[in-house]
Each structure stands twice: as structure tokens, then as C-alpha cells.
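Q: Could you take me on a close look at one salt bridge in this model and the parts of the chain around it? I would enjoy a connected walk from that contact outwards.

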Amino acid sequence: MGDVVEVDGTGLGEDDVEKATDRLVDVLVAADEEGWYGRLEVVRPWSEHNPDLDGEFARAGAIRRYLCRELASLLTAGARITARRSRAQPPFDDPEFFVALDEDRVDSRSKKLFLFSPERMALSIDRIGHYTGTPAAAFQRHVLFTNYAMHVEAFLERFPDAVRPARPGAQMPAYHHRTEAGDGVSLVNIGVGPANAKTATDHVAVLRPDTMIMIGHCGGLRNHQQKGDFVLATGYQRADHVLDEVLPLDVPVIPNHRLNTFLLDALQSAGLPYRLGTVHTTDNRDWEFNQQATLRAMRLSRSVAVDMESATIAANGFRYRVPHATLLCVSDKPLHGSPKLAAGAQEFYEASKRHHLDLALSALATVRREHPEGLPGQEIRAVDEPLFGGPSDL
């Protein structure tokens with residue numbers, strides 16, 4: 001295997017494209033195994049404003065299927081792509097490695113393919129194994145996040161052969177229903193709170209998943225909601241405070257429209273009660289003890305639910321250009337004399353967990369069927385960022 005492979009996509013047949021993408025990615029994987037970062041250089045002759053794109057990679061094997069898919073799309077459109085060794089990988093304890101992790105150094109117009117520095121990729125992929133107990137390569141194209149073990153139980157009942165953590169006690173254990181195409185589903189139990197939600201999505205985003213969906217519990221804020229009703233978020237009130245410095249509160253964050261539509265279709269097909277609306281995400285689990293400021297914010301935003309993770313996952317989905325959505329289940333009604341109490345919790349959990357998981361899986365089956373190359377991402381592009389595709393996208 002040479003250190004450099006160049007491919008001109010013009011006139012390549014389908015079989016030729018597949019072989020060419022494998023050759024290109026093989027260069028990146030081989031470079032990584034030999035202690036180098038790999039580099040891709042892409043020339044898109046159809047682009048008037050940004051014909052040349054390039055970026056470096058670490059641990060390319062962990063996202064091999066994604067790379068092959070994206071490079072195949074570029075070659076099919078007529079791009080010219082070069083893969084080569086770039087530079088020796090610094091160790092994690094090198095001071096320059098730390099400097100390179102700073103995301104403020106990243107061009108905001110970077111394509112999703114080149115969004116992360118190789119140092120950031122290397123560290124996140126290492127931390128994924130640490131936090132989840134499973135290797136990054138086990139992650140599938142669709143990722144569910146939960147804050148309850150009950151969803152893990154339902155997932156393992158549905159997929160008994162799922163990949164599980166290799167060790168007990170993982171902080172955010174992950175489980176993976178793998179498919180040959182890599183378009184299966186991964187479930188991560190992130191535990192409670194926005195700090196965990198940020199940590200998990202900071203690192204999972206490096207894998208460039210096709211979707212991220214939060215399936216958790218919430219407090220229902222409306223009179224006519226009942227325990228067990230669902231909430232499909234259409235927006236978020238961000239009172240989680242963990243991303244304010246990097247994503248100011250005046251930046252709108254909304255779920256992916258197509259993904260929300262598929263979740264709504266699943267809810268309607270199942271005939272289950274639901275409500276659409278804003279989710280208020282707080283970093284204070286006991287906000288009821290100092291409630292006036294929070295209540296005022298909820299009323300002004302007309303929120304229908306309160307939780308601790310959804311807006312954080314959505315904000316990181318926006319930052320890292322991953323289509324995202326939130327489907328919650330009402331477990332209590334704090335404003336209506338129905339708090340979450342231990343005595344009634346187990347009955348609620350058993351009744352809701354399978355419905356909740358089935359709804360998310362049904363929506364993802366639609367994504368897989370209708371958008372096998374990933375959901376369109378025009379709405380999460382930077383202002384002057386060109387699309388990845390052919391001349392019609394200019």
C-alpha cells in the first residue's frame with residue numbers, strides 16, 4: 001500500500017467507486033496504524049466558491065463506513081480526491097496536543113467531514129471507550145440517548161445479541177444493535193444531568209452519526225397531560241448552562257424537521273397520546289425548591305415539559321451538525337400535585353419503556369428506508385458553507 005492514492009471520480013462506474021473509496025480509506029487507516037495522521041484533499045471542479053477542501057484524520061477505522069459513503073458521493077459527483085499521510089501523531093501528553101483540541105481554532109465553514117482536528121478525534125475516540133465500555137467502532141449510524149436503565153432493558157429484550165460493555169461499572173454504558181451496513185442503532189445510558197449529556201455528545205459527535213435522539217422522562221407542565229403521555233419537542237428553552245459560552249442563548253436550536261416528522265408519524269400510527277411543544281431543560285434537579293424564576297421562564301416560553309438533558313443534546317447536535325430530536329415520556333406533573341414518587345415509579349416504567357423504544361426505532365426505520373445516505377443537512381450548514389454534492393447544489 002502506497003502512502004498516496006489519487007482518484008479522479010470522472011467517469012467511474014459504481015463498482016469502480018466502491019473500490020476507489022476503499023483504497024482511499026485504506027491509506028488513512030494504514031497511516032493511523034503506523035503512527036501518522038491521514039489527510040484527504042478534495043477538489044470539486046463544480047464549486048465556484050469553495051472548490052478545494054482538505055482535512056486530517058485520526059482513528060479512521062472507527063468511522064470507516066461513514067468515510068466510504070461520503071467519499072463515494074463526492075467521487076460520483078466528479079470530485080478528485082487524494083489520500084496521504086500527513087504528520088506524525090503526537091502523544092496525548094504533548095503540550096501541542098492540548099493546544100490542538102481548542103475548537104475555537106476550527107473554521108466555522110468546515111464541512112462536517114472535516115469538522116474536527118485529528119487530535120480531537122483521537123482523544124474523543126479514546127474517551128468513548130472509557131465512558132461507554134464499548135469501542136467507538138461498535139457505534140452505529142443512529143444513536144439513542146436515555147437517562148434510565150429501563151430503556152436499556154427494553155433494548156436488550158428487543159436485541160439480545162447487542163454488543164454490551166466489556167466491563168462492569170462504565171459511567172455511560174452503551175449497547176449496539178449492529179448491522180452489516182453499520183446503520184443499526186446504538187443506545188447510550190448517559191445518566192442524569194446536562195453535564196453528562198454534553199460529555200456524551202461531545203465525543204459521540206466525532207463519529208459523525210446520522211441521527212441523535214433523546215428518549216427520556218420529563219415533568220409534564222400542562223393540565224391535560226397524563227403520566228405516560230409523550231412529548232415531541234419542537235424547540236427548547238436552554239436553562240442547562242453548560243454550553244452558553246460556546247453557543248449563546250440567542251442562537252435558535254430546533255429539532256431536525258424530517259426526523260421530527262418521522263417520530264410524529266410513529267406516534268400517530270401507534271395511537272398514543274402526545275403533545276408538541278417547547279421543552280424547558282434545567283441544570284437544577286430540585287428547581288421546585290426555588291421555583292419562581294423557573295416558573296416564570298416556563299410560562300413565558302409556554303413550555304409543555306421540563307427535563308435535564310434534551311436541550312443540551314440538541315445544542316450539541318446543532319454545533320456538530322448532527323440531525324437530532326427529542327421524544328420524552330411524562331413521568332410526573334410537578335405543577336399539578338403529582339410529583340415523581342418511588343411508590344408509583346415502577347408501574348409507570350414497565351408500562352412506558354417498550355412503547356418509547358418502539359416509537360424511536362420505528363422513526364429510525366423510516367430514516368433508513370427514505371434517507372439511506374443520511375438526512376439532508378442544509379439547515380445546519382454555516383451561512384457561507386457550500387453543500388457537498390454536485391453542481392445542482394451550488
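A: Happily! The side chains of Asp-210 and Arg-69 meet in a salt bridge, with N to O at 2.8 Å; the term stands for a side-chain nitrogen of Lys or Arg within 4 Å of a carboxyl oxygen of Asp or Glu. Asp-210 lies in the loop between α6 (194-204) and β8, and Arg-69 in helix α2, so the pair ties together parts that are 141 residues apart in sequence. Helices (H or I, at least four residues) and strands (E, at least two) are DSSP runs, numbered from the N terminus.

A word on the ground rules: this is a predicted model, where local features need pLDDT of at least 70 and side-chain atom pairs count only at pLDDT 80 or more, while totals for chains, interfaces and linings use all residues. Residues are numbered from 1 along each chain as its sequence is written, and side-chain values use heavy atoms, with hydrogens and water left out.

Back to our pair. Asp-210 is buried, with a relative accessible area of 6%, and Arg-69 counts as buried too, at 17%. Here buried means under 20% relative accessible area, exposed over 50%, and partly exposed in between (1.4 Å probe, protein chains only).

Asp-210 has another partner: its side chain also meets that of Arg-141 in a salt bridge, at 3.2 Å from N to O. This pair links distant parts of the chain, with Arg-141 in the loop between α4 (118-132) and β5 and Asp-210 in the loop between α6 and β8, 69 residues apart. Arg-141 is buried, as is Asp-210.

Now let's step into the strands that these loops lead to. Strand β8 covers residues 211-220, and 10 of its 10 residues are buried, so the strand is largely enclosed by the rest of the structure. Strand β5 (residues 142-146) pairs with β8 in the parallel sense over 4 bridges; two strands count as paired if DSSP finds at least two bridges between them. In that pairing, Phe-145 stands opposite Met-214 in β8.

Strand β12 (residues 324-332) also runs parallel to β8, joined to it by 8 bridges, and here Gly-216 stands opposite Leu-328 in β12. With β11 the sense changes: 2 bridges join β8 to β11, and these strands run antiparallel. Gly-219 stands opposite Val-306 in β11.

Just ahead of β11 there is a backbone detail to enjoy. Arg-302 sits in the loop between α8 (292-301) and β11 (305-307), and its phi is near 60°, a positive value in a residue other than glycine. Most residues other than glycine have a negative phi. Arg-302 is exposed, with a relative accessible area of 66%.

A similar detail leads us back to α2, the helix of Arg-69. Arg-59 is found in the loop between β3 (52-57) and α2 (64-76). Phi of Arg-59 is near 55°, again positive in a residue other than glycine. At 25% relative accessibility, Arg-59 counts as partly exposed.

To set our starting contact in context, the structure holds 21 salt bridges. One of them joins Asp-183 to Arg-368, the closest N and O atoms being 3.8 Å apart. This pair links the loop between β6 (174-177) and β7 (185-189), where Asp-183 lies, to helix α10 (residues 342-370), which holds Arg-368, across 185 residues. Asp-183 is partly exposed at 21% relative accessibility, and Arg-368 is partly exposed at 27%.
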